[in-house]
Amino acid sequence: MTDKKATLSVGDKSIELPVYSGTTGPDVIDVRGLVQHGLFTYDPGFVSTAACESKITYIDGDKGVLLHRGYPIEQLAEQTDYLEVCYLLLHGELPTAAESARFHDTIKNHTMLHDQMRNFFNGFRRDAHPMAIMCGVVGALSAFYHDQIDINDARQREITAHRLIAKMPTIAAWCHKYSTGQPFMYPRNDLNYAENFLHMMFGTPCEEYKPNPILAKAMDRIFILHADHEQNASTSTVRLAGSTGANPFACIASGIAALWGPAHGGANEAVLDMLEEIGDESNIDTFIAKAKDKEDPFRLMGFGHRVYKNFDPRAKVMRETAHEVLAELGLENDPMLKIAQRLEQIALEDEYFVKRKLYPNVDFYSGIILKAIGIPTSMFTVIFAMSRTIGWFSHWNEMVSGDYRIGRPRQLYNGEISRDVAK
Ligand code: SDX
């Protein structure tokens, strides 16, 4: 914190407000004192509002920088695995070799679900969207562990983190299996985190599933790239839910619900739907025109970002991974990839996108990889939610382990003023 001040003059009032600096990034003006002057700030969409302090993730949108506890996402994607990133986000440091081995082992031993949880899946129609199932099942975890989570006990919070990290792949894969009518596959302790997920997604009791190491590595990298992203809509939802003292499973379920929207985590599914709708490179110009037409609600899914006004660093790693996976599967000429590459090239040259600094975001290439691996588009956001659970939990944990108040925004009211009911 610094002793810098901002002076706000409103009418004949001159109001001094403290200005704080972080270790990096923009300064913030503490506007909490405005309420004493009968004033609120107004910032729908929270475009320029910091709702908290955090040490977990830093994004520089202009430079296309993403740091998790100070480490660049490109280095983490290249040199660590998802569980090491989970440890980093949760504890603030990368694990030593011994800590990493212990953490991997702990997670491995929490991957099974209480067998009664199968009943929650059976209550859904087979054609239910897997995000609806995941939202319901994760919320239901509250009923299985609610009495074992004292949010003021650091050790109980840590055990809850382990349970969530370990069980989300099982829940995600079972959402898929349920929709196919195939039997649920139990986790295997001889496989690593990403291999186990692929086993539960594609394995059957009829034969041993042998995960392709290149595809498993690509999955693990996708998990890393989606792990956390500062105060995005779903993370802010988790923080707001957590500020009431709600239990962490319910808070994570609120994050899943928020992530589902096509403007947020639902974009990866929407990208594939868009590429399929475009269908052929000859139709690209029509869709670019639609994206620019203010009268048309169509947006180029996978493009643009509230914070990044440069390339999303995750999109670059995702694009390289897409080429690796498609080469491994002999799909270098995948028509979807061709359309995506052409779309990206046109958009990066088109004045409308250049002026608005609309670059491909994390969702633009992830869907192409997941589809190539054989994952249905309806499962894309489920995988995003599974990966982001550690980010949601880390922010919830950071908040509840410090001083916090219930979140309660105000409003600009422009409805009816007081009036009497006519007798
Ligand atoms: C994620 O916040 C996070 O960190 C999210 C995320 C994470 O990891 O948690 O990074 C994950 O959600 C990535 C974003 C995925 N969503 C999409 O790909 C959907 C398509 N993108 C847009 O809906 C949009 O870009 C947003 C939602 C991502 C950002 O919206 P903003 O910041 O509110 O920007 P805006 O809507 O005010 O757009 C600014 C201008 C507008 O035009 P003008 O009014 O200035 O003329 O850019 C235009 C918009 O119409 N615009 C687009 C566009 N995105 C913005 N025009 C066409 N196609 C697009 N994709």
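1. In which sense do E4 and strand E5 pair, and over how many bridges? In this predicted model, E4 and E5 (residues 65–68) are antiparallel, and four bridges join them.

2. Two residue pairs place the register of these strands. Val 65 in E5 stands opposite Asp 60. Leu 67, also in E5, is the bridge partner of Tyr 58.

3. The hairpin formed by E4 and E5 has four residues between its strands, and Gly 64 there takes a positive phi near 65 degrees.

4. The wider unit is an open sheet of three strands, ordered E4-E5-E6, and the pairing is antiparallel. E4 (57–60) and E6 (71–72) each have a single partner strand and stand at the edges, so one side of each lacks a neighbour in the sheet.

5. Turning to a helix: H11 covers residues 267–278, 12 residues in total. From first C-alpha to last it reaches 16 Å, close to the 16 Å expected at 1.5 Å a residue.

6. H11 is largely enclosed by the rest of the structure, because nine of its 12 residues are buried, the cut-off for buried being under 20% relative accessible area. Among them are the charged-type position Glu 269 and Asn 268, together with Val 271, Leu 272, Met 274, Leu 275 and Ile 278.

7. What do the buried residues of H11 pack against? Four helices are listed as partners: H12 (284–292), H14 (335–349), H16 (362–373) and H17 (380–400).

8. Just after H11 comes Gly 279, with a positive phi of about 75 degrees.

Note on methods: Residues numbered from 1 in each chain as written. Predicted model: local features only at pLDDT ≥ 70, side-chain atom pairs only at ≥ 80, totals over all residues. Heavy atoms only, no water. Pairing = 2+ DSSP bridges. Expected span 1.5 Å × (residues − 1). Buried < 20%, exposed > 50% of the residue type's maximum accessible area, 1.4 Å probe, protein only. Contact = heavy atoms within 4.5 Å.
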